[in-house]
Amino acid sequence: MRFTLGKQVFVLGLVLLLPALCTSQFIQSRATYYGSPDYYGTPTGACGFGEYGRTVNDGMVSGVSRLYKSGSGCGACYQVRCKNEQYCSDKGTYAVVTDYGEGDKTDFILSPRAYGKLARPEAQKDLFAFGVVDVEYRRVSCKFSGSNNIVIKVHEQSKYPDYLAIVILYVAGQNDITGVDLWREDYQEWWPMRRAYGVVWDMANLPGGPMKLWIHATSSAGVAYSVQSANDIPNDWKVGATYDSDVQIN
């Protein structure tokens, strides 16, 4: 379904009045880790984050299975802590979802940096030797030191000027991106972009001129939000470039 610019702004005015809710109940599960030569994440994760997926949150990232949610779970933040008091730290680890992965009845396949944080400092070797540990986890709000706003990255698969693929970075709070619309000046309508995979959204046959984005999200409490980027993607956009949207979903 397509909407005119005026109708979409009206919808935004309604949803931003809804209260922000959060959940804090821990869920029982298991976690393991994957190999990495530098203990960071992987730039080739199924979410499509690229290098951001390797280094975000100081490399404390995770692959997930059922929490992947067809890609809308990418970028979510979780507190994960193991349950053996002899080896495990009290706070555990805080990890960002950057990949899809299935383990032995595990919800999390953590980067080595994230997995190591599960342990007390003197017990890291023992925890790595276990390979798989019982954990409890809960979703927490994402907070990033790198940016206060949502950042739009032009994916490397884009082909100027006809095909644009973007990645949504630095989404704060407990919000899943569920849709992205692009304003078609030629039709005076918002057109939905396609979720290619993970957090990669794309569109072919682009309109000319700067491009506005309308980003849709759903919170962990099921509340729907929409926000329009204050800054446009410029007409002369570059592959690999990043653009500050000057907005955030909190």
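# Strands, salt bridges and cores in a predicted model

Me: Which residue of β6 stands opposite Cys-82?

Reply: In this predicted model, strand β3 covers residues 77-82, and its pairing with strand β6, residues 133-140, is antiparallel and runs over 6 bridges. Cys-82 belongs to this pairing, and the residue that it faces in β6 is Val-135.

Me: Which residue of β4 is the bridge partner of Val-80?

Reply: Besides its pairing with β6, β3 is joined by 4 bridges to strand β4, residues 93-100, and these two strands run antiparallel. Within β4, the residue that serves as the bridge partner of Val-80 is Thr-93.

Me: How many of the 6 residues of β3 are buried?

Reply: Strand β3 has bridges to β4 and also to β6. The strand is described as mostly covered, and of its 6 residues the number that are buried is 5.

Me: Is Glu-136 buried or exposed, and which side chain makes the polar contact of 2.6 Å with it?

Reply: Glu-136 lies in strand β6, and because its relative accessibility of 16% falls under the 20% limit, it counts as buried. Leaving out residues up to four places away in sequence, it touches Phe-26, Ile-27, Gln-28, Gln-79, Val-80, Arg-81 and Lys-83. Of these, Gln-28 makes a polar contact with Glu-136 through its side chain at 3.4 Å. The polar contact of 2.6 Å joins the side chain of buried Glu-136 to that of Arg-81.

Me: What distance separates the C-alpha atoms of Cys-88 and Val-135?

Reply: Cys-88 is found in the loop between β3 and β4, and with a relative accessible area of 4% it is buried. Beyond its neighbours within four places in sequence, it is in contact with Cys-82, Lys-83, Leu-118, Ala-119, Arg-120 and Leu-127. Val-135, the residue opposite Cys-82 in β6, is 47 residues from Cys-88 along the chain, yet the separation of the two C-alpha atoms is 9.7 Å.

Me: Which residues touch the most other members of the largest nonpolar core?

Reply: Nonpolar side chains in soluble globular proteins tend to be buried together. Here the elements giving two or more residues to the core are β2, β3, β4, β5 (108-110), α3 (112-116), α4 (124-130), β6 and β8 (163-169). One residue of the core, Leu-127, is in contact with Cys-82, Tyr-87, Cys-88, Tyr-115, Leu-118, Ala-119 and Val-133, its neighbours within four places in sequence left aside. Among the 44 members, those that touch the most others are Phe-49, Tyr-78, Phe-108, Leu-110, Leu-118 and Leu-127.

Me: How many residues make up the second, separate core?

Reply: The largest nonpolar core has 44 residues. Separate from it is a second core that includes Met-203, Leu-213, Val-223 and Ile-249, and the number of its residues is 28.

Me: Which strands are the edge strands of the open sheet of 5 strands?

Reply: The order in this sheet is β11-β12-β8-β7-β15, with antiparallel pairing. From one strand to the next the twist averages 35°, and at one end β11 pairs with strand β12, residues 200-204, over 3 bridges, with Tyr-197 standing opposite Val-200. An edge strand pairs on one side only, and the two that do so are β11 (194-197) and β15 (242-244).

Me: Which residues are joined into one network by salt bridges that share partners?

Reply: The structure holds 12 salt bridges; one of them joins the side chains of Arg-54 and Glu-51 at 2.8 Å from N to O, and both residues lie in helix α2, residues 51-55, 3 residues apart, or about one turn of the helix. In another, Arg-184 and Asp-186 have their closest N and O atoms 2.9 Å apart, where Arg-184 counts as buried at 7% relative accessibility and Asp-186 as partly exposed at 48%. Salt bridges that share partners give one network, whose members are Asp-38, Glu-51 and Arg-54.

Me: How many residues apart are Asp-176 and Lys-69?

Reply: These two form a salt bridge in which the closest N and O atoms lie 2.8 Å apart. Asp-176 is buried, with a relative accessible area of 8%, whereas Lys-69 counts as partly exposed at 36%. The pair links distant parts of the chain, with Asp-176 in strand β9 (residues 175-184) and Lys-69 in the loop between β2 (61-64) and β3, and their separation in residues is 107.

Key:
Residues numbered from 1 in each chain as written. Predicted model: local features only at pLDDT ≥ 70, side-chain atom pairs only at ≥ 80, totals over all residues. Heavy atoms only, no water. Pairing = 2+ DSSP bridges. Axes fitted to C-alpha atoms, helices over the stretch in contact; angles between N-to-C directions. Buried < 20%, exposed > 50% of the residue type's maximum accessible area, 1.4 Å probe, protein only. Polar contact = N/O pair within 3.5 Å; in protein donor to acceptor, adjacent residues only side chain to side chain. Contact = heavy atoms within 4.5 Å. Salt bridge = Lys/Arg side-chain N within 4 Å of Asp/Glu carboxyl O. Core = buried A, V, L, I, M, F, W, Y, C linked by side-chain atoms within 4.5 Å.
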